[in-house]
Amino acid sequence: LVVTSSTGGNVVSNAPKLHALIIGVSNYRHFVDGDEPSPAGEALDMAGLSSAATSAAAVATWLRTDYCRHNPTVPLGLCEILLSPSNGEHIAATLDYVPATLANVRVALFKFVKACAADRNSVAFVYVAGHGVQISKDEVIVLLEDAGAPGELSPIEHAIDIVSCRDGMSHSAATQFWFVDACRQRHAIAKQFEPLKGALGLPRRTENTVEASPLYLAASDGELAFSEKGKPSFFCRALLESLGGHAAVGPDETCPSWYVSTHSLGDRLEIRVKELASDHDLQQNVVVTGGPFAKRVVHRLPIPQVPLRLHLSPGRAARDTAADLLRKDGEPVVRQSRTWPLVTTLDAGLYLLEVTSARPYRDVTDILTIMPPGLDREVEVGEL
Amino acid sequence: MTGNMGTLIVELPADSWILRDHLPFEIRDEKYALVTHAQADRPIDLPEGLYAVSLVLDTGERVTRPALIKRGQRTVVSPASSNCGSQRVSPLLVPADELEPTVLRALFQRPPPVEPAGEPCWIADLAPNLAVLHDPERRQIGVRLDAPDANPAWIVLASERAALQLMLPLSDHHECRDCTIDLHPSRATGQLRVSVTLPPRRRGRALLALMATGKVDLALAVAKAACERLASEHADPVCAVYGALLLERCEPPAQRPPWIEPLMNECAWLSDAKILHAALLSRSSEPDERRLGHALLLETTRTPSMLFADSFSLAIKLLRRWPIADAGSDERRARLSALAGTSARLAFEHAFTSVAWTRVELDALSDTDRRAEVPARPPRDREMLRRQRWPSGTQGPFEGWPLASEVIAGEVEAEFEAVRQGSAPMRAVALPPQPPAEHEAQWRLVEAYEQGVEAFGA
């Protein structure tokens, strides 16, 4: 049965659903710069953020728009959004969310776990952004809005332990995607306790029926995760670009349409986050961990539109040189273009490039592999 | 061939068994839809049109070559790499200044007494079962295993102020007895790269290279295709088990591979096979087989042995969650406690281990085994690093040695004095710290903050 969803896409009504838990914390009210600073909050020695909630909101918006539009066979089910934006962050009014406090996250986590456990064929999607504190190698902990609240029994009582939550869902949805956009530096408080417990988590299950559960971490052990102030984080930008097509692969036995796979997403995230950090002379390395790592479809999408830019060398040949781009049927996609550089946007795929020049320049025939995120190529016509 | 069909021939280098017969490639059409997977070096008939032939070579390099298939014609595609060698570059970086001018010593297992450093020239101290040929001009060391029972081989390159330990993949069992070590100091970067070149007969290296470069899906395909053959011909039992470990982790087989148990028995030194076999037995419906697997797991984790990190991880997983919940839980808990030191020091965050640092020791003393394989990172917290040292009084060959890349200068120098006097074990490594790099990184951070970047953490 196919019905039309509120987002305009067709949805298979009895299809397994993707359930999402999205958390983004920029505003830490008990930190030194928060609205209600506390001794425990100040002891954490951190300041509020300006983009974690923005990043989480961007991911939530993507789920509710692009994801819904292109994934009728795995429609969006439960979508719990918890955001604590800073004063300077603007979250779209259309996005319903509750503050990312421990109490709210606990309720949302309960609903999320219940929804995922109800159907083994469902898909779990978790994205968490905020201040990360690394207590040990085995934990990935993100502080919540009320971290450092007076009366805490543990310094990380108002925090969520993502690894623990993931371990506790090993009997649940067969396919799970976990994204943690947070720093992984050892925090000074880690030295004061051995071990330090108290973060919100789930009891570890003995049974493990999950088929794919990659955990994509924005930073490697000991590293920081970055963002430009007020903008989505590097990891978030890379994630949305990848899901938007930069990590897309063509149809194959896994999916009959173009899609982003668990494997291609990891490959692209690693490359892109490194690039974004490098632009600011910083280092940030995505780590794909967790498992199992069976290849699964994260997102289906139409054929990506890929920007193409062809430069002519030498440039003086431009006046006498024309280019055709052809596909299998011989029908030109671009016919006798004499504008150089040749700039256009095409469906991803293979094209036959035929460049014809007047003497003394030579004709060139080449096969172009035009794939996301784009192709920028020089065409050398030389001189005979 | 009929109608509008043409023929595609994919030519792969013939000097590699894996490449020639088993490296999988895929063919996609002009819309990038998958046409077929192929593995054999044989002609493939295709309708005329544009195609992309894509594969990952045994160097780990992903190569895509377009092909235009014309009616009735044969099109040859040769997706050879620009670098088909077997050279692996250690991720470990040592400041070049520390090794030049230098006296490098190649030491192996039980070294003879070493005289204090003298003239700046190269000296080769030959162990009884290892021949070391050095070429100071080319900064190259050729190492050959001359006697059996030396698996694996370790080599320590030591100077006045620094040393570097490498585990060499030499094995008399597998007729892999020689390799070449090249040192590439760079004045420009102030660092030293070390590369170890293996002879090409290491047949399973394609699998390792695929994993090292993160090509998991293709590595799985190679593992499925090649593991049994690697094992049955004894071509490369280590890689065969590595492939099986990979499959166990990603796509646990419904049927127990028939070659694991014979391999385990024939290559008793290969503890990875024992742990893998224990894992397979743990899923058996026969209580006796599960009990056998349990005993095997306990036996294998009792004594120190070399392991792939994946095996270590699998062993820990089995010790934590054996299917028969009440069987031997105390013994498993005791094993876990004994291995806790090793677990704490390993970075399991990486989905898969890379070739350069696949081997760890199944022993509480195995900390040093990350030495030459862990990417060097400037120490951030001296206090934390101090805590990572081995407790004094620990027995065994690794006593008192710090982790590579996580040491403090004074301690390193003291340790090396001990090495030179022959009173300390050789299977250890130490590196000088890199404070300039640390400061540089911090300055970069400060500058980035000033440009409006923020970090999601401390």
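This is a tour of selected places in a predicted model, moving from a strand in chain A to loops and salt bridges in both chains.

**A strand and its partners**

Begin by selecting residues 321-326 of chain A, which form strand E17; 6 of its 6 residues are buried, so the strand is largely enclosed by the rest of the structure. In a regular strand the side chains alternate between the two faces of the sheet. Colour A:Thr321, A:Ala323 and A:Leu325 for one side of E17(A), then A:Ala322, A:Asp324 and A:Leu326 for the other, and you will have marked two faces that are both covered.

Next add residues 349-357 of chain A, strand E20, which pairs with E17(A) in the antiparallel sense over 6 bridges. Within this pairing, A:Asp324 stands opposite A:Glu354 of E20(A). Then show residues 332-337 of chain A, strand E18, which also runs antiparallel to E17(A) and is joined to it by 3 bridges. Here A:Ala323 has A:Ser337 as its bridge partner in E18(A).

**Unusual backbone in the loops**

Most residues other than glycine have a negative phi, and most peptide bonds are trans. With that in mind, go to the loop between strand E16 (305-313) and E17 of chain A, where A:Pro314 is found, and look at the bond joining A:Ser313 to A:Pro314, which is cis with an omega of about -5°. A further stop is the loop between E20 and strand E21 (364-370) of chain A, which holds A:Pro360; the peptide bond from A:Arg359 to A:Pro360 is cis, and its omega is near 15°.

Now select A:Asp45, in the loop between helix H1 (39-43) and helix H2 (52-70) of chain A, where phi is near 60°, a positive value in a residue other than glycine. A:Asp45 counts as exposed, at 64% relative accessibility. In chain B, turn to B:Tyr32, which lies in the loop between strand E2 (25-28) and strand E3 (34-38) and has a positive phi of about 65° although it is not a glycine. B:Tyr32 counts as buried, because its relative accessibility is 9% and the cut-off for buried is under 20%.

**Salt bridges within and between chains**

A search of the whole structure finds 20 salt bridges over all chains, and the remaining stops visit some of them. Start with A:Arg69 and A:Asp66, whose side chains meet at 3.0 Å, N to O; both residues lie in helix H2 of chain A, 3 residues apart, which is about one turn of the helix. A:Arg69 is partly exposed at 43%, and A:Asp66 is likewise partly exposed at 27%.

Then display A:Asp252 together with B:Arg28, which form a salt bridge at 3.3 Å, N to O. This pair crosses between chains, from the loop between strand E12 (248-249) and strand E13 (259-261) of chain A to strand E2 of chain B. A:Asp252 is buried, with a relative accessible area of 13%, and B:Arg28 is buried at 6%. Adding A:Lys295 and B:Glu26 to the selection completes a network of salt bridges that links these four residues.

Finish in chain B with B:Arg71 and B:Glu48, whose closest N and O atoms are 3.2 Å apart in a salt bridge. B:Arg71 lies in the loop between strands E6 (62-69) and E7 (74-77) and B:Glu48 in the loop between strands E4 (44-47) and E5 (49-56), so the pair ties together parts that are 23 residues apart in sequence. B:Arg71 counts as exposed at 51%, while B:Glu48 is partly exposed at 26%.

Terms used:
Residues numbered from 1 in each chain as written. Chains lettered and ligands numbered in written order. Predicted model: local features only at pLDDT ≥ 70, side-chain atom pairs only at ≥ 80, totals over all residues. Heavy atoms only, no water. Buried < 20%, exposed > 50% of the residue type's maximum accessible area, 1.4 Å probe, protein only. Helix = DSSP H or I, 4+ residues; strand = E, 2+ residues; numbered from the N terminus. Pairing = 2+ DSSP bridges.
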